[in-house]
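Good morning, colleagues. I shall take you through one model, element by element. Please keep the display in view as I speak.

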Amino acid sequence: MHEGAILICGVGGLGCIWADSAHRTCPDLADLLLIDADEASFRGSGQAHCLHLDAIGDGNGAAALPSLAAHRLAEGLSSMDGLLKRAELVILMTGLGGGTGSGAASELARIATSRNCLVLSIAGLPFAEQPLRSAIASAALPALEANSHVCIHVSMERLAWYARARNDDWQTGSGWIQDLIQGLVTTLGRVGKMNLDLMDLRTVVEHPGKATLIVGVGSISNPMEVVEVARQSPLANTDVTGARGCLIQVEGGPDMTLSHLNEVSESFISSLHPDCQVLLGARASDEMVGRLRLVAVVSGL
Ligand SMILES: Nc1nc2c(ncn2[C@@H]2O[C@H](COP(=O)(O)OP(=O)(O)OP(=O)(O)O)[C@@H](O)[C@H]2O)c(=O)[nH]1
Ligand SMILES: [Mg+2]
């Protein structure tokens with residue numbers, strides 16, 4: 001594994017599905033850690049490091065209580081010491097509202113932060129018609145936010161709506177989570193024309209205030225549409241107007257020109273604060289031919 005390692009980590013059933021499908025977009029650039037009480041979450045993920053939280057050993061996922069899950073995580077994580085030691089950036093994904101994710105995710109974030117990792121969390125929030133799950137999620141969210149450098153809320157409702165529009169599956173993140181992670185990991189894990197790295201990410205997330213992540217993908221023939229898609233990515237209540245910090249990466253194929261790059265980045269930046277600190281990166285790769293992707297970390301909200 002490479003220097004300055006990126007660790008993609010799924011906690012709980014849904015978190016493991018998201019993490020696994022995101023990792024498939026960039027298997028050579030990041031490690032994968034799956035954590036759940038239910039062993040079924042580890043099936044089919046050949047490359048994953050797996051942490052099974054079922055201390056009793058009945059294999060059925062008996063971590064129904066968040067507090068129990070947090071406790072088991074702290075115990076079990078010692079076996080993953082090397083993995084955490086290597087990681088500089090932890091991208092943590094979880095669906096809140098069950099036992100495992102709601103309990104163990106914030107504990108993992110706390111441990112990773114205390115070891116000087118940059119922690120970026122993606123938290124799925126339950127559907128409105130799940131009142132009990134919603135209450136568990138609301139109780140769990142503050143600790144996850146407090147222990148993460150960036151914590152994005154993803155409304156599952158919005159994800160489901162988005163998935164229908166894209167004819168995709170919401171449980172795997174409707175393509176949106178994969179795009180986001182692929183964009184972020186290739187931005188940070190590979191050398192581009194204008195290179196952004198983890199130091200840049202740290203600089204941006206250190207602006208006081210909230211931070212969020214944005215991604216948009218589209219055809220190179222319509223750069224403005226890419227910006228529009230990015231502005232509508234399925235996050236709960238995100239308004240980036242007036243942001244003070246922004247790391248923005250534009251990716252395309254060898255057919256991407258400087259004018260594509262300018263059009264996308266300037267249009268996006270125009271909605272931020274006039275004094276916003278902007279770090280801009282760009283990268284061309286063969287697999288992006290005919291397409292453009294915008295990935296931004298926006299902070300100081
Ligand atoms: N409607 C619906 N919601 C789901 C489904 N699967 C997961 N969710 C949502 O995703 C959240 C997290 O679910 P999981 O990831 O399965 O929970 P977990 O962390 O594994 O927790 P435990 O299984 O209780 O230990 C739930 O609160 C639900 O809101 C599903 O099949 N249908
Ligand atoms: Mg589960």
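Please note that this is a predicted model. I begin with two helices, H9 and H10, which pass one another in a right-handed crossing. Two packed helices are described by the angle between their axes and the distance between the axes. Here, the axes of H9, residues 223–231, and H10, residues 258–269, come within 9 Å and cross at roughly 35°. From H9, the residues in contact are Pro223, Met224, Val226, Val227 and Ala230. They meet His260, Glu263, Val264, Ser267 and Phe268 of H10. Sorted by class, this contact comprises seven nonpolar residues, two polar ones and one charged residue.

H10 also takes part in another arrangement: together with E8 and E9, it makes a right-handed β-α-β unit. Its two strands, E8 at residues 245–252 and E9 at residues 277–284, pair in the parallel sense over eight bridges. In that pairing, Gln249 has Gly281 of E9 as its bridge partner.

These strands belong to an open sheet of four, in the order E7-E10-E8-E9, with mixed pairing. Which strands stand at its edges? They are E7, residues 212–219, and E9; each has a single partner strand, so one side of each is left without a neighbour in the sheet. From one strand to the next, the twist averages 15°. Helix H7, residues 176–189, lies across E7, E8, E9 and E10, the last of these spanning 291–299. The direction of H7 runs at about 100° to E7.

I turn now to the other sheet. It is open and has six strands, ordered E3-E2-E1-E4-E5-E6, with parallel pairing. Its edges are formed by E3, at 49–52, and E6, at 150–155; because each has a single partner strand, one side of each is left without a neighbour in the sheet. Neighbouring strands here are turned against each other by 15° on average, direction ignored.

Within this sheet, E4, residues 87–95, and E5, residues 118–125, run parallel and are joined by seven bridges. Leu92 stands opposite Ser121 of E5. Two helices pack on the sheet in this region. Helix H5, residues 131–147, touches E5 and E6, and its direction makes about 165° with that of E5. Helix H6, residues 156–166, likewise touches E5 and E6, with its direction at about 60° to that of E6.

Finally, the ligand. How many residues lie around ligand 1, and which come nearest? There are 21, and those that come nearest are Gly12, Gly13, Gly97, Gly98 and Gly101. By class, the shell divides into seven nonpolar, 12 polar and two charged residues. Helix H1, at 12–23, and helix H4, at 100–114, each supply at least two residues of this shell. H1 gives the most, with four residues.

To recapitulate, the presentation has covered the right-handed crossing of H9 and H10, the four-stranded sheet with mixed pairing, the six-stranded sheet with parallel pairing, and the shell of 21 residues around ligand 1. Thank you for your attention.

Conventions: Residues are numbered from 1 along each chain as its sequence is written. Chains are lettered from A and ligands numbered from 1 in the order in which they are written. This is a predicted model: local features need pLDDT of at least 70, side-chain atom pairs count only at pLDDT 80 or more; totals for chains, interfaces and linings use all residues. A residue is near a molecule or strand if its C-beta atom, placed from the backbone, lies within 6 Å of it. Ala, Val, Leu, Ile, Met, Phe, Trp, Tyr, Cys and Pro count as nonpolar, Asp, Glu, Lys and Arg as charged, and the others, Gly among them, as polar. Axes are lines fitted to C-alpha atoms, for helices over the stretch in contact, and angles run from 0 to 180 degrees between N-to-C directions. A crossing is left-handed if the near helix is turned anticlockwise from the far one by less than a right angle, and right-handed if clockwise. Two residues are in contact if their C-beta atoms, placed from the backbone, lie within 7 Å. Two strands pair if DSSP finds at least two bridges between them. A crossover is right-handed if, with the strands pointing away from the viewer, the path from the first strand over the helix to the second runs clockwise.
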